[in-house]
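Biologist: Please give me a close account of the start of the chain, and then connect that part with the remainder of the model. I am in my first year, so kindly explain each term when it is introduced.

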Amino acid sequence: EILRDRSNRTIRLRQRGSICNLLNKELPNWETAPLDSLAIIPMQPRSNLSQQNQDLDSIFCTPSEITQYAGIVGELNWITNTSVDFIYATRWCARFMKAPTHYNMKQLHQVVSCLARIQRLDLDGLILGGMEGVQLIGIADTSYQAFPDLRSGTGGTIHMSHTTGSIMSMCEKQSITADSAMAAEGVGGPLMTRRILPLRYFLGELLFPQNLPSKFY
């Protein structure tokens, strides 16, 4: 769906058909469930699991459950084109598609529940455009030693203004091991800037030359 706000020069892109298909299948009561029963965040930290979650993590899914798990991940992966806040959680769940446990399935259903909350609150979608003109703004953050092999992970987005959604998103594992959080951030910065540079040239070809430096947070 495409909604135009001409006064603010913005366009809102939404995948409501895909979202409703997923929610109707995996969370049939999503439209009538109390709002406070739906997840506020798409994923909980995996550290310090409760005994109940540890027990769930020791039970592997059956072949039919694995098929269901992979199907949900696939649908979420498509939906993240306009729901970039769910990229990290979806990519994390995708790591376990070959042999998910019941705890992985619980995590995946939390992503679905949070998506239902966003849909109910009419906060879904990606907003492009704005009153600031055509400029590139990059945002990145690094999680120090986020992976079992002590590699860090960097996520980020590129925007056309300070008030609208991202036109490009990144969720990447660093290829080297950093020895401090500061060093990890230093590695994460270039992962985003190397995406911004070609976009600057591309905008020039589209007759929107970037005459000023692009802002990077």
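Modeller: Strand β1 (residues 2-5) and strand β2 (residues 10-13) pair in the antiparallel sense, with four bridges between them. Helices (H or I, at least four residues) and strands (E, at least two) are DSSP runs numbered from the N terminus, and two strands count as paired if DSSP finds at least two bridges between them. This is a predicted model, in which local features need pLDDT of at least 70 and side-chain atom pairs count only at pLDDT 80 or more, while totals for chains, interfaces and linings use all residues. Residues are numbered from 1 along each chain as its sequence is written, and side-chain values use heavy atoms, with hydrogens and water left out.

Within this pair of strands, Ile2 has Leu13 of β2 as its bridge partner. β1 and β2 form a hairpin, and four residues lie between the two strands. Arg9 is found in the loop that joins β1 to β2. What is the sign of phi at Arg9? Phi is positive there, at about 55°, although Arg9 is not a glycine. In general, most residues other than glycine have a negative phi. Arg9 is also exposed, with a relative accessible area of 59%. Here exposed means over 50% relative accessible area, buried means under 20%, and partly exposed lies in between (1.4 Å probe, protein chains only).

Two other places invite comparison with this turn. Leu207, in the loop between α6 (181-205) and β7, has a positive phi of about 70° and is likewise not a glycine. Leu207 is exposed, its relative accessible area being 72%. Asp122, just after α5, takes a positive phi of about 60°.

After the hairpin we may turn to helix α1 (residues 16-26), whose buried residues are Ile19, Leu22, Leu23 and Glu26. Why do these buried residues line one face of α1? Seen down the axis of the helix, they fall within an arc of 95°, so they line one face; the arc is that of the directions from the helix axis to the C-beta atoms. The general background is that an α-helix has 3.6 residues a turn, so residues three or four places apart point the same way. Asn21 and Lys25 are exposed, on the face of α1 turned away from its buried side. The buried residues of α1 pack against α3 (63-79) and α5 (102-120), where contact means heavy atoms within 4.5 Å.

One of these partners, α5, is itself mostly covered, with 14 of its 19 residues buried. Its length can be checked: at 1.5 Å a residue the 19 residues of α5 should span 27 Å, and its end C-alpha atoms are 27 Å apart, which agrees. The expected span is 1.5 Å times one less than the number of residues in the helix.

Thr101 lies in the loop between α4 (87-94) and α5. Is Thr101 buried or exposed? Its relative accessibility is 4%, and therefore Thr101 counts as buried. Apart from neighbours within four places in sequence, Thr101 is in contact with Leu56, Asp57, Ile59, Phe60 and Cys61.

Elsewhere, an open sheet of four strands is arranged in the order β6-β5-β4-β7, with mixed pairing. β6 (166-173) and β7 (215-216) stand at its edges with a single partner strand each, so one side of each is left without a neighbour in the sheet. Strand β4 (residues 137-143) pairs with strand β5 (residues 153-159) in the antiparallel sense over seven bridges, and Ala140 stands opposite Gly156 in β5.

To place these parts in the whole, the secondary structure comes to six helices and seven strands. Along the sequence, the pattern is β-β-α-α-α-α-α-β-β-β-β-α-β. The C-alpha atoms fill a box of roughly 55 × 45 × 30 Å, taken along the principal axes. Of the 217 residues, 36% count as buried. Among contacts with a separation of 6 or more, 69% are between residues 24 or more positions apart.
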